Amino acid sequence: MKSVTNLCFDTYTKGRVLSLDKDEIWKYYKGTIYKSTNGGEEWNSIINLYPDFFTHFLSKSSLFSRLYRKGVHHIQSLDNGIYCAFYDKNVIFFKGGEIITTSPIHGSRPLAIEKFGNSVVYGEYCSNQDRKEVSVWQADCITKEHKAIIVFDNIRHIHGIYKDTSDNSFWITTGDENHESGILRATADFNNIENVLDGSQQTRTIKLLFDAEYVYFGSDTPSEKNYIYRLHKKTRELERLCEVGSSVFHGCKVNNWLFFSTAVEPSLTNETKYSEIWASCDGKDWRCIMKFKKDFWNKKLFQYGQIFFPVGQNESNFLWFSPFATKKTNKSFCVSIDKVKEFYNNYNSLFY
């Protein structure tokens, strides 16, 4: 499978790019995990997750996959050439093209996962209308065991877990009501936990980004206007930086550039029909550089319009992103930081 050049972007490929690991790029497309080792120009099939004819046939339908939340949602590199992938409601550990172990996860698909030694940690994400206990789980590669390492009894669910490599701490985001929505910081061994922010819809967030001094996030609320913030790690001073079109779901870093994307969800306050990419070269000044219009399929049944970014430490000169349930859905695009700078410096937004 080869990627294709595009006038506005450097290249695009079918499917969703999920992970960047040094010189490897991983994506998922219609039931199969692929890997590229040449910057996304060519892709090699690694694992077919739906080997029997019927499920493989269904996996090729993007609408069926959207309706039933099928497919790979995360890929994470571990040690010794081992990777893990979360798909449907399972986690698999694999090496090369061989699956080592498979086990079911707790809750629905988690919104984010992180490496923890040679295992992964993920937050329990589910509707949880009855407000039962939810946990941060550690999934072990060898034993298939899922161990609860933090248990919460006062929140709806966990939005994400993110590692700050400056001190190896883990930051946790939770939701959804005011008293349930917050940001916590755990030590590298998860033995000590600090409540950093909570108490409002503006502390309801999903994705966190880090630099040496700050934690960056966007609010995730359908009931209020949404903003991008930065929190000083030492002083805990919180700055509201800019208003965005709707809830912030995803984000990534490319070298020193920061990116967040917004979602198109049912809301009486955030009525935009576009999922947006916001960029910053300094963490202070944020500008919208791209917008993708929501497709006409129902938001709740066929998922919100959004733009995914791959995980991993991206030290290249290229931003990868994957529009979903919008125009250009089911493709991943690669754009150089030089082109990002043009959009950013000219205050231009590409509309699709």
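In the predicted model, helix H4 spans residues 337–345. Four of its residues, Ile337, Val340, Phe343 and Tyr344, are buried. These residues cover an arc of only 110 degrees around the axis, which places them on the same side of H4. After the helix comes tyrosine 347. The phi of tyrosine 347 is positive, near 55 degrees. H4 lies across strands E27 and E28. Its direction makes an angle of about 80 degrees with E28.

The largest nonpolar core contains 22 residues. Phe259, Ile289, Met290, Leu319 and Phe321 have the most contacts inside this core. Several elements supply two or more residues each: strands E22 (248–254), E23 (257–262), E24 (274–280), E25 (287–293), E27 (318–324) and E28 (331–336), together with H4. The greatest contribution is that of H4, with 4 residues. In soluble globular proteins, nonpolar side chains tend to be buried together.

Methionine 290 illustrates the surroundings of one core residue. Neighbours within four places in sequence are left aside here. On that basis, methionine 290 is in contact with Phe9, Ser275, Glu276, Ile277, Phe321, Val335, Phe343, Ser349 and Leu350. Phe343, one of these partners, is also among the buried residues of H4. Phe321, another partner, is itself listed with the residues that have the most contacts inside the core. A second core is separate and has 16 residues. Tyr162, Leu197, Leu208 and Val215 are among them.

Strands E27 and E28 also belong to an open sheet of 4 strands. The strand order is E1-E28-E27-E26, and the pairing is antiparallel. Strand E1 (11–14) and strand E26 stand at the edges. Each has a single partner strand, so one side of each is left without a neighbour in the sheet. From one strand to the next, the twist averages 30 degrees.

At the E1 edge, 4 bridges pair E1 with E28 in the antiparallel sense. Tyrosine 12 stands opposite phenylalanine 333 of E28. Threonine 11 is also found in E1. Its relative accessibility is 11%, so threonine 11 counts as buried. Threonine 11 and asparagine 128 are 117 residues apart in sequence. Their C-alpha atoms lie 41 Å apart in space.

At the E26 edge, glutamine 306 lies in a strand that covers residues 306–308. Why does glutamine 306 count as buried? Its relative accessibility is 7%, and the cut-off for a buried residue is under 20%. The side chain of glutamine 306 reaches the backbone oxygen of tyrosine 304 at 3.2 Å. Beyond neighbours within four places in sequence, glutamine 306 is in contact with nine residues that can be listed by name: Phe249, His250, Thr262, Ala263, Ser275, Ser322, Pro323, Phe324 and Thr326. Ser275, one of these, is also in contact with methionine 290.

Another antiparallel pair is formed by strands E10 (residues 113–116) and E11 (residues 119–123). They are joined by 4 bridges. The bridge partner of lysine 115 is valine 120 in E11. E10 and E11 form a hairpin with 2 residues between them. Glycine 117 sits in the turn and has a positive phi of about 65 degrees.

Notes. Residues numbered from 1 in each chain as written. Predicted model: local features only at pLDDT ≥ 70, side-chain atom pairs only at ≥ 80, totals over all residues. Heavy atoms only, no water. Buried < 20%, exposed > 50% of the residue type's maximum accessible area, 1.4 Å probe, protein only. Polar contact = N/O pair within 3.5 Å; in protein donor to acceptor, adjacent residues only side chain to side chain. Contact = heavy atoms within 4.5 Å. Arc of directions from axis to C-beta. Core = buried A, V, L, I, M, F, W, Y, C linked by side-chain atoms within 4.5 Å. Pairing = 2+ DSSP bridges. Axes fitted to C-alpha atoms, helices over the stretch in contact; angles between N-to-C directions.
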